[in-house]
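Subject: Structure handover

Hello,

Here is the structure I promised to pass on. Please open it beside this note and follow along.

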Amino acid sequence: MNPFCKISSFSTKVAGVAVMLLATLTAGCGGGGLDPILGTPGAGRVPTVTATSPVASTPIVTGVASNVRVSATFSEAMLASTITNASFTLTCPAATPVAASVAYDAATQTATLTPNAALPANTPCQASVAGTVQDSTGIAMGAAFVWNFLTAPAAPVDTTRPTVSFKVPAAAATGVASNTAISATFTEAMNPATITGSSFTVANTTLGTPVTGTVSYVAASQTAIFTPTAPATLDSSSLFTVTITSAATDLAGNALAGNLAVPPGAGNHVWTFTTGAASDTTRPTVTLTLPAAAATGVATNTAISASFSEAMNPATFTNASFTVTNTTLGTPVAGTVSYAAGSSTAVFTPTAPATLANSSLYTVTVTTAATDLAGNALAVNFIWSFTTAAAPDTTRPTVTLTVPVAGATAVAANTGISASFSEAMNPATINGANFILTNTTLGTAVTGTVSYAVGSRTATFTPSSPGGLAASSQFTATLTSAATDLAGNALAGNTAVAQAAGNHVWSFTTGAAPDTTRPTVTVTVPAGGATGVANNTAVTATFSEAMNASSLSSSSFTLINTTLGTAVPGTVSYAAGSMTATFAPAAVLASGSLFTATVTTAATDLAGNSLAGNTATAPSAGNHVWTFTTGATGDTTPPTVTEVSPPDLSAGVCLTRPISATFSEPMDPATISAATFGVSDNGVAVAGSVSYNAASRVATFVPNAAAGFAASRSFTVTVLGGSAGVKDLAGNALAAPRVWSFSTGTQPCLGPVELGSIASFGAFGGAAGVTNQGITTAIGGNIGSTAACTLITGLHDASNGYTETPLNIGAVNGSVYCAPPAPGTAATLAIATQARADAQTAYNTLAALPPGSDPGAGQLGGLVLAPGVYTSAGGTFAITSANLTLDARGDANAVWVFQSAAALTVGLSATPRSVLLINGAQAKNVFWQVGSAARIEDGSTMVGTIIAPAGVTISTAGQTVQTTLIGRAIGLTASVTLVNVSIVAP
């Protein structure tokens with residue numbers, strides 16, 4: 001079938017063109033000797049319309065601004081003389097012609113119709129490109145391309161300036177291939193005539209010379225591309241500066257609001273990158289498809305997408321390079337193809353009809369015409385199939401998790417902002433126009449880039465400013481209802497009523513300190529050194545903090561069969577709710593083989609900090625590498641729920657208590673979500689977020705409402721089983737749903753204490769400094785003191801050393817904040833001062849809690865304690881006679897507060913003691929309010945945040961055995977002293 005035949009099936013729905021289309025179909029679609037690719041034998045390819053603005057869609061686009069320009073982009077170079085006011089027309093309403101001027105831009109193969117006056121409000125409009133328009137060789141389109149849209153009710157004028165939402169190479173990128181093209185994606189459709197070699201320039205800053213090249217604009221992807229021409233490659237090991245000027249405008253004539261503009265003014269968008277010594281010769285691959293290969297029961301109204309291993313050239317995605325065929329009927333599917341740069345994903349959206357046939361087999365092909373930005377093509381055509389269901393998808397997507405969470409304070413100023421969705425989204429709708437960040441304190445928009453990790457269903461907004469967000473300011477993030485799933489269902493945000501679409505909006509407040517702490521891998525499944533591992537398992541890595549989902553891919557998370565020396569193909573996803581990346585092998589692993597898993601330093605947190613793996617010494621970045629050996633069989637045993645919290649039929653449950661389920665084995669984090677773990681109130685779903693703790697195998701549901709669950713109500717909890725339910729890492733589903741119930745009381749639960757900016761510190765030495773002795777100390781997080789930096793001794797961070805000697809060396813996986821002299825500054829002192837104030841506030845809050853029991857008369861050793869407040873009657877707590885165990889009873893958010901008016905002692909000389917966490921207990925929820933000083937003896941393992949006015953001493957001078965604190969050592973006035981200590985800030 002000819003490409004225009006696909007268009008004609010859409011156009012037959014439009015009044016006034018039926019006769020023309022029937023004639024066209026008879027002549028061009030039913031035989032007549034017409035070549036299916038080239039048209040008339042011996043002639044060139046029939047031209048088609050590949051993109052329009054406003055977009056041609058079903059249902060039609062509404063709310064179009066009255067000052068819109070209408071454009072149509074063609075599949076090839078057109079004969080400009082055939083594109084005129086007679087062949088490109090607009091009527092508003094039908095049969096009422098709109099006076100306009102028509103222009104054709106050869107560089108972008110785009111025709112633009114500019115109305116002479118504003119369009120009428122709330123009016124259906126119809127645009128038409130006649131079938132008489134010809135390509136440069138004289139071949140006519142043959143069938144008219146007609147589409148419709150509706151203007152906005154109040155006839156608003158578009159005054160919003162476009163911005164650059166994504167660019168390749170990224171700002172400040174290094175080691176860039178010298179043969180790459182440079183691209184910039186915009187937040188809205190641009191006027192192609194304004195994207196030229198004058199408005200989009202590249203300069204070799206090292207040599208001070210301009211780079212010659214050609215500039216093109218891909219309307220379907222809203223992307224401009226600069227391709228170097230003389231020479232075809234950029235100079236190696238050179239700094240380049242890219243500039244897109246404010247001469248670039250959208251279709252309404254609004255000039256670019258670049259990163260050099262002062263809102264609301266126009267301005268240039270400028271960024272730099274540095275080339276490496278080599279060119280890119282690696283062919284791209286398809287890493288993920290939606291629907292998946294061999295998928296069944298696919299919604300009939302879905303779009304089809306293919307994600308790639310690297311940034312692709314948007315211009316190479318057309319109806320020729322990305323095709324869909326109804327294999328059951330043997331007919332091609334008409335559709336439009338776009339490319340979402342922020343996710344390296346091409347999307348095919350059916351147009352005629354807007355839905356696929358039900359219960360049919362479809363075959364999708366991405367050809368070798370698809371290339372990366374260096375011109376490397378796919379090695380072979382990529383082909384996969386799926387089968388549709390009998391019905392469309394009408395369920396609206398929701399936001400299931402945000403980072404930072406709503407209401408968060410002391411957020412690192414250099415953080416990125418992310419949102420995870422309940423289902424796969426259309427990558428083309430996750431962009432800078434639909435993911436917006438505003439500095440509410442100043443009332444200004446924040447510029448940034450938006451990416452979307454398809455396999456992880458997570459969107460990330462990264463601020464453009466090198467310094468990140470403004471400190472100590474409130475920000476509001478908005479995901480608009482223009483974000484849709486692959487079936488076109490608009491977002492059901494937290495501003496929506498009932499089943500309507502709506503924006504998802506949340507706010508947070510930044511602190512003064514940036515995040516400089518590198519993320520670490522805390523749990524792996526299989527564990528390092530494991531043997532007899534089921535050969536059908538997936539492989540997971542859980543991190544110490546929220547990660548940038550886009551940085552976790554098959555490039556940064558790899559698996560090697562070490563026995564055979566071969567790479568294992570697979571797909572990588574990231575579950576934000578569990579901070580866990582999953583590598584799913586494409587096939588069963590070889591039995592009896594040694595495998596090596598690697599997460600590289602390309603994996604970063606949301607602040608851009610690279611992984612601190614187990615192959616590097618802190619504070620340097622390094623890969624995390626581990627091995628395991630497979631057994632001879634796969635895992636076919638379904639998981640079970642071993643414990644629920646609160647227990648079934650519990651009454652009087654406090655309102656803010658999380659609901660949790662503990663599983664019998666490690667689970668697939670991607671299957672644990674609000675779709676598979678829910679709470680209902682008399683049949684009505686309770687809005688909430690779901691997380692999964694890989695270490696404890698506990699899934700947790702937390703209600704979105706700040707007040708928690710409704711008081712004095714009965715609730716039902718369901719963990720889904722079966723094919724649509726939760727699964728283990730081998731893909732085995734929970735055999736049957738696990739259902740239980742509880743009823744609430746009237747009071748809130750004991751919650752964790754807000755730490756503010758002190759939460760990012762592993763150690764803080766009041767006004768007296770932090771001292772380390774020994775060479776094995778490693779601190780996860782920042783350290784600080786309001787004292788002069790000269791009182792920080794035996795330590796170093798990535799930037800500075802603090803009075804280290806050969807016998808006293810300690811690594812800080814974060815930053816050091818202290819007072820002048822250098823490296824202390826007024827800014828570092830201000831951060832330390834705020835942290836000290838936040839620590840004092842937290843201490844006061846802990847001390848003011850109503851006192852609890854003292855079950856061991858001050859001796860906590862040997863006890864197993866439930867969550868709650870514990871107060872020493874004698875003024876001191878000791879964990880010296882045996883270990884202390886904290887039992888969460890399945891409540892992953894369970895909190896313990898220990899109040900002692902005087903001292904805390906953990907362990908004795910040569911007799912270390914530990915605090916053990918069981919049944920979902922977490923170190924971040926354990927707090928020690930100590931009236932004077934705290935001491936942790938050699939070799940002990942302590943858990944929780946310790947705040948003590950008279951300081952904290954960990955281990956003894958001269959000792960070489962390692963002592964561990966999974967928490968924080970905070971001295972309000974006195975110092976913190978460390979001797980060969982590992983601190984992990986939770």
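One term first: two strands count as paired if DSSP finds at least two bridges between them. Keep in mind as well that this is a predicted model.

**Strand β46 and its partners**

Start at strand β46, which covers residues 677-681. The strand is mostly covered, with four of its five residues buried.

β46 pairs with strand β50, residues 714-719. Four bridges join these two strands, and they run antiparallel. To find the pairing on screen, look for Ser680, which stands opposite Thr716 in β50.

β46 also pairs with strand β47, residues 684-685. Here two bridges make the connection, and the strands are again antiparallel. Asp681 stands opposite Val684 in β47.

How many residues lie between β46 and β47 in their hairpin? There are two. Asn682 sits in that turn and has a positive phi of about 55°.

**Aromatic pairs**

Next, the rings. Searching the whole structure turns up 26 aromatic pairs. Two of them are worth a look.

Phe240 and Phe273 are one pair. Their ring centres are 5.6 Å apart, with 15° between the planes. Planes under 30 degrees apart count as stacked, and this pair is stacked. Phe240 belongs to strand β15 (residues 239-244) and Phe273 to strand β16 (residues 269-275), so the pair ties together parts that are 33 residues apart in sequence. Are these two rings' residues buried or exposed? Phe240 is buried, at a relative accessible area of 0%. Phe273 is buried too, with 0% relative accessibility.

The other pair is Phe421 with Tyr452. The ring centres lie 6.4 Å apart and the planes meet at 65°, so this pair is edge-to-face. It links distant parts of the chain: Phe421 is in strand β27 (residues 417-421), Tyr452 is in strand β30 (residues 448-453), and they are 31 residues apart. Phe421 counts as buried because its relative accessibility is 1%, and buried means under 20%. Tyr452, at 2%, counts as buried as well.

**An aromatic cluster**

Last stop. Which residues form one aromatic cluster with Phe677? They are Phe701, Phe709, Phe715 and Phe742. Two members lead back to the strands above: Phe677 falls within the residues of β46, and Phe715 within those of β50.

Best wishes

Terms used: Residues are numbered from 1 along each chain as its sequence is written. This is a predicted model: local features need pLDDT of at least 70, side-chain atom pairs count only at pLDDT 80 or more; totals for chains, interfaces and linings use all residues. Side-chain values use heavy atoms; hydrogens and water are left out. Buried means under 20% relative accessible area, exposed over 50%, partly exposed in between (1.4 Å probe, protein chains only). Rings of Phe, Tyr and Trp (its six-membered ring) pair if their centres lie within 6.5 Å; planes under 30 degrees apart count as stacked, over 60 as edge-to-face and the rest as tilted.
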